[in-house]
2 protein chains.
Amino acid sequence: MDDIDRAILRELQTDGRIPYSDLGPKVGLSASAARQRLQRLIDEKVVQVVGVTDPMAMGGQTMALLGLHVDGDPRAVADELSRHDEVVYAVLTSGTFDLFAEVVCRRPHDLLDFVNDVVRPIEGVTAVESFPYFGIHTHRFLWDVD
Amino acid sequence: MDDIDRAILRELQTDGRIPYSDLGPKVGLSASAARQRLQRLIDEKVVQVVGVTDPMAMGGQTMALLGLHVDGDPRAVADELSRHDEVVYAVLTSGTFDLFAEVVCRRPHDLLDFVNDVVRPIEGVTAVESFPYFGIHTHRFLWDVD
DNA sequence: TGGCCCGGTCGATGTCGTCCACAGTGTTCC
DNA sequence: GGAACACTGTGGACGACATCGACCGGGCCA
């Protein structure tokens with residue numbers, strides 16, 4: 001993990017499908033070398049080149065962060081939540097909540113249904129607080145503090 | 001946005017660099033047609049092919065969700081927060097918090113510094129609650145409820 | 001029916017990915 | 001110090017691939 005690796009990752013932020021023959025020169029390497037390095041980064045699961053969709057553009061007008069209080073093992077609850085397509089993100093936290101989940105639905109009504117019909121009935125869920133939002137302000141896919 | 005588009009997006013979840021000549025047949029199309037469709041989806045900003053890094057694998061051992069209470073315009077606070085590399089995600093919410101931010105740091109100590117030296121001094125921030133976590137349970141890049 | 005548009009296939013061309021042999025550099029261990 | 005080795009980048013050859021334009025067929029509307 002050196003400056004060249006980081007340069008590669010930075011290039012992948014603007015275009016994940018950039019040809020190696022462009023990528024190489026941009027990071028000061030031959031195409032072959034750039035390919036080897038990116039391959040290595042992918043193999044080591046440092047980076048993953050994927051298509052990221054914008055829920056808004058796909059009809060997901062209603063988004064919310066759900067803060068859950070859980071009695072029992074929060075991992076079981078997270079597993080159960082993740083089985084639903086509406087849940088795009090889940091983390092186990094410490095603090096005043098045990099678990100946060102990010103949920104995307106078509107309409108506000110669907111969110112209400114999801115919380116009441118799916119989330120609340122899950123074994124161990126004692127309370128749900130929802131924080132609706134209407135757009136993502138910032139979303140970075142590269143963490144680069146090093 | 002039809003079933004074929006969705007199939008394309010699904011393929012991009014496992015490999016964003018898949019050749020069009022593989023992608024086409026996989027979604028029941030010629031390579032050219034697959035290319036045209038993906039190009040269109042990218043142009044319309046429905047999808048974005050990017051390299052997504054795993055903060056853990058890059059030395060970001062300490063992550064937290066920050067819930068902020070803001071007096072004034074939360075957007076200004078979000079703008080300011082987003083100027084820092086530690087912040088990978090920010091949303092403006094309604095509910096008992098005004099703003100959530102996701103933060104990645106190297107060590108717990110860095111998180112403490114970040115909250116105290118950067119977040120709290122921001123104009124308008126009246127309270128910060130932090131929810132540390134030690135790993136991401138689920139992270140989906142495709143929202144596919146349609 | 002005729003014309004148009006959208007979205008697909010097909011095929012030619014030049015570019016690109018892939019693989020391999022080789023070279024340079026730094027490290028380890030007598 | 002120097003031999004052996006691992007690691008990483010280079011260059012080239014070959015086959016696979018992206019790219020683009022020409023063409024084609026179905027749905028739609030006058």
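Which phosphate oxygen lies 2.3 Å from a polar side-chain atom of B:Arg37? The oxygen belongs to DNA strand C. The sections below describe how two protein chains meet each other and two DNA strands.

This is a predicted model, in which local features need pLDDT of at least 70 and side-chain atom pairs count only at pLDDT 80 or more, while totals for chains, interfaces and linings use all residues. Residues are numbered from 1 along each chain as its sequence is written, chains are lettered from A and ligands numbered from 1 in the order in which they are written, and side-chain values use heavy atoms, with hydrogens and water left out.

## The interface of chain A and chain B

Chain A and chain B each bring 68 residues to their contact, where contact means heavy atoms within 4.5 Å. The area buried between them is about 6000 Å², and carbon and sulfur atoms give 56% of that area. Buried area is the accessible area, found with a 1.4 Å probe, that two parts lose on being put together, summed over both. On the side of chain B, B:Arg17, B:Met58 and B:Trp143 lose the most area to chain A, and together they make up 16% of what that side buries.

The interface has zero salt bridges by the rule, which asks for a side-chain nitrogen of Lys or Arg within 4 Å of a carboxyl oxygen of Asp or Glu. Across the interface of chain B and chain A there are 45 residue pairs in polar contact, both residues being at pLDDT 80 or more. A polar contact is a pair of N or O atoms within 3.5 Å; within protein, one must be able to donate a hydrogen and the other to accept it, and residues adjacent in sequence count only if both atoms are side-chain atoms.

Several elements of chain B supply at least two residues each to the side that touches chain A, among them α1 (3-14), β1 (47-53) and α4 (74-82). Helices (H or I, at least four residues) and strands (E, at least two) are DSSP runs, numbered from the N terminus. β5(B) gives the most to this side, with eleven residues. By class, the side of chain B that touches chain A has 36 nonpolar, 18 polar and 14 charged residues. Ala, Val, Leu, Ile, Met, Phe, Trp, Tyr, Cys and Pro count as nonpolar, Asp, Glu, Lys and Arg as charged, and the others, Gly among them, as polar.

## Paired strands

Two strands pair if DSSP finds at least two bridges between them. The table lists antiparallel pairs, each with one pair of residues that stand opposite each other.

| Strands | Bridges | Opposite residues |
|---|---|---|
| β1(A) and β1(B) | seven bridges | A:Thr53 and B:Val47 |
| β3(A) and β5(B) | four bridges | A:Ala90 and B:Thr138 |
| β5(A) and β3(B) | four bridges | A:His139 and B:Tyr89 |
| β2(A) and β5(A) | eight bridges | A:Leu66 and A:Ser130 |
| β2(B) and β5(B) | eight bridges | B:His69 and B:Ala127 |

β5(B) thus appears with a strand of chain A, β3, and with a strand of chain B, β2.

## DNA strand C

Residues of both chains surround DNA strand C, including A:Tyr20, A:Arg35, B:Ser30 and B:Arg37. A residue is near a strand if one of its heavy atoms lies within 4 Å of it. Of the atoms of DNA strand C within 4 Å of the protein, 81% belong to sugar or phosphate and the rest to bases.

Besides B:Arg37, B:Ser30 has a polar side-chain atom 2.3 Å from a phosphate oxygen of this strand. A:Tyr20 uses a polar backbone atom, which is 2.9 Å from a phosphate oxygen of DNA strand C. α3(B) gives the most to the surface near DNA strand C, with three residues. That surface has four nonpolar, four polar and two charged residues.

## DNA strand D

The residues around DNA strand D include A:Ser30, A:Gln36, A:Arg37, B:Tyr20, B:Ser21 and B:Arg35. Sugar or phosphate accounts for 78% of the atoms of DNA strand D within 4 Å of the protein, and bases for the rest.

Chain B approaches phosphate oxygens of DNA strand D with backbone atoms of B:Tyr20, at 2.5 Å, and of B:Ser21, at 3.0 Å. B:Arg35 has a polar side-chain atom 2.7 Å from a phosphate oxygen of DNA strand D. α3(A) gives the most to the surface near this strand, with four residues. By class, the surface near DNA strand D divides into four nonpolar, five polar and two charged residues.
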